[in-house]
Structures are given as C-alpha cells and as structure tokens.
Amino acid sequence: MHFTYCPHCGRKLVQKEIGDEGRIPYCEGCKIPLWDMFTTSVICAVVNEEDEVALLRQTYVSATKYVCIAGIMKLGESAEDTVAREVKEEIGIDITSLKYLRSYAYEKKEMLMLGFYATAKKKEFTLSGEVDAAAWVPLLEAPAKLREGSIAWQLVSGVIAGRRK
C-alpha cells in the first residue's frame, strides 16, 4: 500500500528525506514517516511419511496448475500459528512438525510470503470452500504440477534440494 494521505489525521503527505532511506511520505501533522506497507502471508509445503506433498487446485488462482497451502497472517498471530491454522482450514489436517525455510517477495500482490516446510500424517483431506481439489503428490513429481518459477515451485524445489543434502 502506498500512502498519499495520513491514515491517522487525513493530511496530505509530503516527501521528506529520512536518513539513508531517501525520500519517504511524511505527515507534517503527526510528525511520522509512512513507509509503503505489504501484507504478510505464509506458504507451506506439507509432506507426509510417504514423501508426498499436499497440493491444492484453486481455480481462482489457476485452472491448470496446483499450488501449495498459503494464507494471510491475522493480527496477533505468529507465522507458525498461521501455517497450522491454514493447513487445518484448507485440507483438514494437523501438522506434526514445522520448519521455516525462507521468505519470498511477491510484488504483484504487495505481499511478503514466509515459506515453511511441514510434516503431517497422511489421511484423507477435508477441503474448505476455497479449495476445489487437493492431492497427495509424490514430492519429486510435484514441481511439474506447479507453475514453473512460482513461489510454490521455488518452495517445493527447495524442499527437494534440502532433502538431497
């Protein structure tokens, strides 16, 4: 989000030199800089004991490719709690372990995505209304079902590379 007006007092912002940051939108009334904001979200590769990863089909994202479980962090929620909540909401499964891997800038949607690797016991999915289909896919076959270069593809490829070490 790019600010033009102060969200606190409504005054039009001016550009002010702020240290090494350069020119930043600034409210002369509140005396505060207002940096651009982004939404923080999580994305997770959930892998079961048979080395299969849970992939989702959400037609509002893609009609032809799968995606990983992802969601927006809520105020007061940790990234780890968000992963556990999103996995439970989207596919009805509890995770058994969780490891943070890396972050991904998703400029198109002004998001920062925190990437995780989780493990879970294999069981049938219970899908939320926002998920059209889900499948357990052998981990080594998963990148071909994801859009090449996408954040989900990078995440799953990273999990595969990490397991080879």
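## Close-up views of a predicted model

**Figure 1. Phe116, a buried ring in a pair.** Welcome to the first view, where Phe116 is buried, with a relative accessible area of 1%. Please keep in mind throughout that this is a predicted model. Two aromatic pairs are found in the structure. In one of them, Phe116 meets Tyr100 edge-to-face, with 5.5 Å from centre to centre and 70° between the planes. Tyr100 belongs to strand β7 (residues 95-106) and Phe116 to strand β8 (residues 111-120), so the two rings tie together parts that are 16 residues apart in sequence. Unlike buried Phe116, Tyr100 counts as partly exposed, because its relative accessibility is 41%.

**Figure 2. Two lysines, each over a tyrosine ring.** Here we turn to Lys12, which lies over the face of Tyr5 at 5.2 Å from the ring centre. Lys16 has a ring beneath its charged end as well: that of Tyr26, whose centre is 4.2 Å away.

**Figure 3. The largest nonpolar core.** This view shows a core of 21 residues, in which Ile43, Val53, Leu55, Cys68, Leu139 and Val156 have the most contacts. At least two of its residues come from each of β4 (39-47), β5 (52-57), β8 and α3 (151-164). Which element gives this core its largest share? That is α3, with six residues.

**Figure 4. Val53 and the residues around it.** Val53 is among the residues with the most contacts inside the largest core. Setting aside residues up to four places away in sequence, Val53 touches Ala45, Val46 and Val47, along with Ala135, Trp136, Val137, Leu139 and Ala142. One of these partners, Leu139, is also listed among the residues with the most contacts inside the core.

**Figure 5. A second, separate core.** Apart from the largest core there is another one, made of 19 residues, including Ile69, Phe116, Val131 and Trp136. You have already met Phe116 as the edge-to-face partner of Tyr100, and Trp136 as a residue touched by Val53.

**Figure 6. Lys121 in a loop.** The last stop is Lys121, found in the loop between β8 and β9 (133-138). Is Lys121 buried or exposed? Lys121 counts as exposed, since its relative accessibility is 57%. Although Lys121 and Val47 are 74 residues apart along the chain, their C-alpha atoms are separated by 8.3 Å. Beyond its neighbours within four places in sequence, Lys121 is in contact with Asn48, Glu49, Ile93, Thr96 and Trp136. Trp136 links this view to the previous one, as a member of the second core.

Methods: Residues numbered from 1 in each chain as written. Predicted model: local features only at pLDDT ≥ 70, side-chain atom pairs only at ≥ 80, totals over all residues. Heavy atoms only, no water. Phe/Tyr/Trp six-rings, centres within 6.5 Å; stacked < 30°, edge-to-face > 60°. Helix = DSSP H or I, 4+ residues; strand = E, 2+ residues; numbered from the N terminus. Buried < 20%, exposed > 50% of the residue type's maximum accessible area, 1.4 Å probe, protein only. Lys NZ or Arg CZ within 6 Å of the ring centre and 35° of its normal. Core = buried A, V, L, I, M, F, W, Y, C linked by side-chain atoms within 4.5 Å. Contact = heavy atoms within 4.5 Å.
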